[in-house]
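I opened this notebook to record, point by point, what I looked up in the model and what I found there. The entries follow the order in which I worked.

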Amino acid sequence: MSDLFGNINVSGSGIAASQTWLNTIAGNIANMDDVSPTDEATYGEQTPIFEPDAAFGQPGQGVTVAAVDEGSTAGVVESDPTSPLADAQGDVRVPDIELGGQMVNMIQAQTDYQANTSAMADARTAYQSALTLGT
Amino acid sequence: MDGIIGVLQFATDGVSQQQQATANNLANSETPDFTAEDVNFQTSLRQAIDAAGGGTASLTVGPDPAPMATDGNNVDTSTQLVDAQEEMLQYQTNVEMLNAQFRLISGAAGGSFS
């Protein structure tokens, strides 16, 4: 046991990681309809990289977000001659993000968040019972 | 510390470690290539209690043998959530048993049994 009420911190790291994931999904969905000229980069799909926070041979200390991967900014070239950003061929560059995939990730991130809060509530109940010792 | 209080103390610490492992597994339920942790102390504690003349119990942290998904992660969220509930109740039971022991000591020493 490394620190007082350590189990709560472990679940807290999980909540923070899920929150980061939800934030990246929100950013991805918000930028789905970005439009750029074909000679410029567009928004790349963000994905958090999770890593276990562990000391060897010890129970793990939770999870950390090692980095947020910014996917390919190449996007896809679409024809949209009415756009003011369209090039001579009438093409524009848009992000390569699908709403379906983002929604599935969002459900996963949400479930993850809930599981961590549930584990945190359990840890809290156990610690509270420990505080009754000897009373 | 030996005797029933020592056993309960060890078991309570052990369950707390199991809770931490469960919390850690849940926190890492989306980490690629993560292997779930499995903390066991019950087998060792039982052997120590059964041993003639007393024994020493220990706690082991090992990998969970559950099958892994395509991303190399083998955390089963539902199993872990069930474990979390079980461990919480086990912890509370241990604490209650410890308190019962303390009440007995208090009563035997001339104080109140309740």
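**Entry 1: A:Asp91 and A:Glu78**

I began with A:Asp91, which I located in strand E4 of chain A, the run of residues 91–94. The model is a predicted one, and I read every entry below with that in mind. Setting aside neighbours within four places in sequence, I listed the contacts of A:Asp91 as A:Thr38, A:Val77, A:Glu78, A:Ser79, A:Asp80, A:Leu85 and A:Ala86. From that list I picked out A:Glu78, whose C-alpha atom is 5.5 Å from that of A:Asp91, although 13 residues separate the two along the chain.

I then turned to A:Glu78 itself, which belongs to strand E3 of chain A, residues 76–79. I noted A:Glu78 as partly exposed, because its relative accessibility is 41%. Leaving out residues up to four places away in sequence, A:Glu78 touches A:Gly90, A:Asp91, A:Val92 and A:Val94. For A:Val94 I also looked up the C-alpha separation from A:Glu78, which is 7.0 Å across 16 residues of sequence.

**Entry 2: A:Ala54**

Next I looked up A:Ala54, which sits in the loop that runs between E1 and strand E2 (63–70) of chain A. Is A:Ala54 buried or exposed? I entered A:Ala54 as exposed, since its relative accessible area comes to 53% and the cut-off for that class is over 50%. When residues up to four places away in sequence are not counted, A:Ala54 touches A:Gly60 and A:Gln61. I also checked A:Thr64, 10 residues from A:Ala54 along the chain, and found the two C-alpha atoms 9.9 Å apart.

**Entry 3: the interface of chain A and chain B**

I moved on to the interface, where 33 residues of chain A are in contact with 27 residues of chain B. The area buried between the two chains is about 2,500 Å², and carbon and sulfur atoms give 56% of that area. How many salt bridges does the rule find across the interface of chain A and chain B? The count I recorded is 0, whereas for polar contacts between the two chains I noted 11 residue pairs, both members being at pLDDT 80 or more.

I then asked which elements of chain A supply the side that touches chain B, and found that helix H1 (6–30), strand E1 (46–52) and helix H2 (99–130) each give at least two residues. H2(A) gives the most to that side, with 12 residues. Sorted by class, the side of chain A that touches chain B consists of 13 nonpolar, 17 polar and 3 charged residues.

**Entry 4: the loop between H1 and E1 of chain B**

From the interface I went to B:Asn28, placed in the loop between helix H1 (3–27) and E1 of chain B. I classed B:Asn28 as buried because its relative accessibility is 0%. Not counting residues up to four places away in sequence, B:Asn28 touches A:Glu51, A:Pro52, A:Gly62 and A:Val63 in chain A, together with B:Phe34, B:Asn73 and B:Val75 in chain B. The side chain of B:Asn28 is also joined to that of B:Thr31 by a polar contact of 2.9 Å.

In the loop between H1 and E1 of chain B I also looked up B:Asp33, which I noted as exposed because its relative accessibility is 62%. B:Asp33 is not a glycine, yet its phi is positive, at about 60°. I set beside this the general point that most residues other than glycine have a negative phi.

**Entry 5: strand E1 of chain B**

I followed chain B into strand E1, residues 37–40, where the side chains alternate. B:Glu37 and B:Val39 point to one face and are buried, while B:Asp38 and B:Asn40 point to the other and are not buried. E1(B) pairs with strand E2 of chain B, residues 60–63, in the antiparallel sense and over 4 bridges. Opposite B:Asp38 I found B:Gly62, in E2(B).

**Entry 6: the salt bridge**

Last, I searched all chains for salt bridges and recorded 1. Which residue forms a salt bridge with B:Arg103? The partner is B:Glu96, with the closest N and O atoms 3.1 Å apart. I entered B:Arg103 as partly exposed, because its relative accessibility is 29%, and B:Glu96 as partly exposed too, at a relative accessible area of 41%.

Definitions and conventions: Residues numbered from 1 in each chain as written. Chains lettered and ligands numbered in written order. Predicted model: local features only at pLDDT ≥ 70, side-chain atom pairs only at ≥ 80, totals over all residues. Heavy atoms only, no water. Contact = heavy atoms within 4.5 Å. Buried area = accessible area lost by both parts, 1.4 Å probe. Salt bridge = Lys/Arg side-chain N within 4 Å of Asp/Glu carboxyl O. Polar contact = N/O pair within 3.5 Å; in protein donor to acceptor, adjacent residues only side chain to side chain. Nonpolar A, V, L, I, M, F, W, Y, C, P; charged D, E, K, R; others polar. Buried < 20%, exposed > 50% of the residue type's maximum accessible area, 1.4 Å probe, protein only. Pairing = 2+ DSSP bridges.
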